[in-house]
Amino acid sequence: MIISPLTGVLGAEISDVDIREESTFTDIFQAFVDYGVIAIRDQKITPEDQIRFAQRFGSINCNPFFTPHPKHPEIALVIKEPHQKLAIGESWHSDHSYDAIPCRASMLHTIEAPPIGGDTGFASMSAAFAALSKPMQDFLRNLSAHHSTSHVFGSNAKDRYETHKDGRVNNPELATHHVIHPVVIKHPLSGKECLFVNRDFTTHIEELTDDESKFILNFLYNHASDIRFTCRLRHAPGTITIWDNQATWHTSINDYDGYRRVMHRIVVNGVALESAAPTST
Ligand code: SIN
């Protein structure tokens, strides 16, 4: 197995491996923890192989909003057709931050990629947090934020977005999630401190006024998407991309109008999040 890091902060490409062989998993999982996002190249796998591989990361979470694969409900279809304008997941986010126990990992199997474009961008939430001043880190560690789905997947959003009108995003009545998470978490696998707010699903910071909350969230969104903390991954048929939703954000780069892009996506459950705030004894 060859692991080639993409940047100094996150991301690695993996080649010379067959994910169907169980013996490779320990090294793949360690690379996932170390790099936050990994792209495993040149896999010739079936949907059943993808499901088996995903289950090694944890139990599968069937996303209620995305159109499922017709034969495998564990797999969500993330598709953009040549005539469609919007892609799914265009703004920086971490998947399922709106769940009480947010998912650990998301996995894309590239079925069809445009000839150029259609990359996914990733940002490191530990590098972004580590680059803040100590007073700002201390301030953020004691805050918590509200995350929800109604503004993204609910019936109001249904009237606004092409992805909802054309049936790529469904079930607006299920968009009732409301959860509170720490703004800074202690990562469950690496122990690193990571920012845990995102543009899509975080609505406000609980302890602040509306104006303060908007100001701080906007600052964090601009800061954490700085190019120093990011990498981008090119997709090709047979690439399996897996990212850690507690360590990274991602954004689907929509620069391939007129071409088809098809991904098989599986999301894997995680563990309850722990705040990075010091515990009082
Ligand atoms: C997603 O946001 O889960 C999809 C990312 C992508 O299609 O690049």
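What is the volume of the second largest pocket? In this predicted model, the second largest pocket has a volume of about 170 Å³. Its lining counts 17 residues. D34, S124, S126, K192 and A247 lie nearest the centre of this pocket. Two helices, α1 (25–35) and α3 (125–130), each supply at least two residues of the lining. Helix α1 provides the largest share, with four residues. By class, eight lining residues of the second largest pocket are nonpolar, six are polar and three are charged.

The largest pocket has a volume of about 550 Å³. A total of 29 residues line this pocket, and A87, I88, G89, E90 and D200 are the closest to its centre. Both helices and strands contribute to the lining. Helices α5 (150–153) and α7 (162–165) each give at least two residues, as do strands β15 (248–252) and β16 (261–268). Among these elements, α5 gives the most, with three residues. The lining of the largest pocket divides by class into 13 nonpolar, eleven polar and five charged residues.

Enclosed space was examined next. Rolling a probe the size of a water molecule over the atoms shows where empty space is left. Across the whole structure, the search finds one cavity of 30 Å³ or more. The largest cavity holds about 30 Å³ of space. Its lining consists of S94, M125, L195, F196, V197, N245, Q246, T248 and W249. Five of these residues are nonpolar and four are polar, with no charged residue in the lining.

Helix α1, which gives four residues to the lining of the second largest pocket, also packs against a second helix, α2 (residues 47–57). The axes of α1 and α2 come within 11 Å. They cross at roughly 65°. The crossing is right-handed. On the α1 side, the contact involves F25, I28, F29 and F32. On the α2 side, F53, R56 and F57 take part. By class, the contact of α1 with α2 has six nonpolar residues, no polar residues and one charged residue.

Taken by class, the two pockets and the cavity can be set side by side. Charged residues number five in the lining of the largest pocket and three in that of the second largest pocket. The lining of the largest cavity has no charged residues.

Notes
Residues numbered from 1 in each chain as written. Predicted model: local features only at pLDDT ≥ 70, side-chain atom pairs only at ≥ 80, totals over all residues. Heavy atoms only, no water. 1 Å grid on protein atoms, 1.4 Å probe; cavity = no way out; pocket = protein on both sides within 12 Å on 5 of 7 lines; lining within 4 Å. Points joined across faces, edges and corners; volume = space filled by probe spheres on them. Nonpolar A, V, L, I, M, F, W, Y, C, P; charged D, E, K, R; others polar. Axes fitted to C-alpha atoms, helices over the stretch in contact; angles between N-to-C directions. Left-handed = near helix turned anticlockwise from the far one by under 90°. Contact = heavy atoms within 4.5 Å.
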